[in-house]
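Here are three short exercises. Look over the structure, try each task, then read its solution.

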Amino acid sequence: QVQLVESGGGLVQAGGSLKLSCAASGRTSIIFGMGWFRQAPGKEREIVASIRWSGDYTYYADYVKGRFTISRDNAKNTVYLQMNSLKPEDTAVYYCAVRPYSYTTYTYWGQGTQVTVSS
């Protein structure tokens with residue numbers, strides 16, 4: 001089992017920045033990759049960015065490329081999402097998730113943190 005705790009959400013004006021953190025605990029040795037997802041009211045959950053725990057591969061959804069940066073600190077078992085140039089359409093609950101080795105899906109999820117961008 002892996003436990004995830006997100007933090008760093010809040011209310012920010014359009015054009016502003018926020019940095020989300022996701023701390024993993026438990027069986028962190030099983031982590032192959034971690035991802036950030038978001039879900040806005042009335043919409044399906046969508047991926048934002050992901051990173052291999054080795055750090056040699058990152059992925060960004062087109063709608064955040066150039067604005068968001070995913071990073072990780074293996075010593076702290078923590079993944080970050082730096083969000084710059086925020087837009088009102090970035091408003092959502094943001095979740096981090098773990099993809100374990102030998103899995104093709106994300107199987108452990110955090111509780112989510114609200115990000116609200118005002119216009």
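The exercises below deal with a predicted model.

**Exercise 1. Trace the disulfide.** Find which cysteines are joined, and where they lie.

Solution.
- Step 1. Count first: the structure holds one disulfide.
- Step 2. Identify the partners. C22 is joined to C96, with an S to S distance of 1.9 Å.
- Step 3. Place them. C22 sits in strand β3 and C96 in strand β9, so the bond ties together parts that are 74 residues apart in sequence.
- Step 4. Check the handedness. The torsion about the S-S bond of C22 and C96 is about 50°, so this disulfide is right-handed.
- Step 5. Check exposure. Buried means under 20% relative accessible area. C22 has 0% relative accessibility, so C22 is buried. C96 also has 0%, so C96 is buried.

**Exercise 2. Describe the surroundings of F68.** Decide whether F68 is buried or exposed, and list contacts beyond four places in sequence.

Solution.
- Step 1. Locate F68: it belongs to strand β7.
- Step 2. Apply the cut-off of under 20%. F68 has 3% relative accessibility, so F68 is buried.
- Step 3. List contacts. Among them are R38, V48, Y60, L81, M83 and Y94.
- Step 4. Compare sequence with space. S54 is 14 residues from F68 in sequence, and their C-alpha atoms are 19 Å apart.

**Exercise 3. Map the largest nonpolar core.** Give its residue count and the residues with the most contacts inside it.

Solution.
- Step 1. The core has 32 residues.
- Step 2. L4, W36, L81, M83 and Y94 have the most contacts inside it.
- Step 3. Elements giving two or more residues to this core include β1 (2-7), β4 (31-39) and β9 (92-100).
- Step 4. Follow M83. Beyond four places in sequence, M83 touches residues including L18, L20, F68, Y94 and V115.

Definitions and conventions. Residues numbered from 1 in each chain as written. Predicted model: local features only at pLDDT ≥ 70, side-chain atom pairs only at ≥ 80, totals over all residues. Heavy atoms only, no water. Core = buried A, V, L, I, M, F, W, Y, C linked by side-chain atoms within 4.5 Å. Buried < 20%, exposed > 50% of the residue type's maximum accessible area, 1.4 Å probe, protein only. Helix = DSSP H or I, 4+ residues; strand = E, 2+ residues; numbered from the N terminus. Contact = heavy atoms within 4.5 Å. Disulfide = S-S within 2.5 Å.
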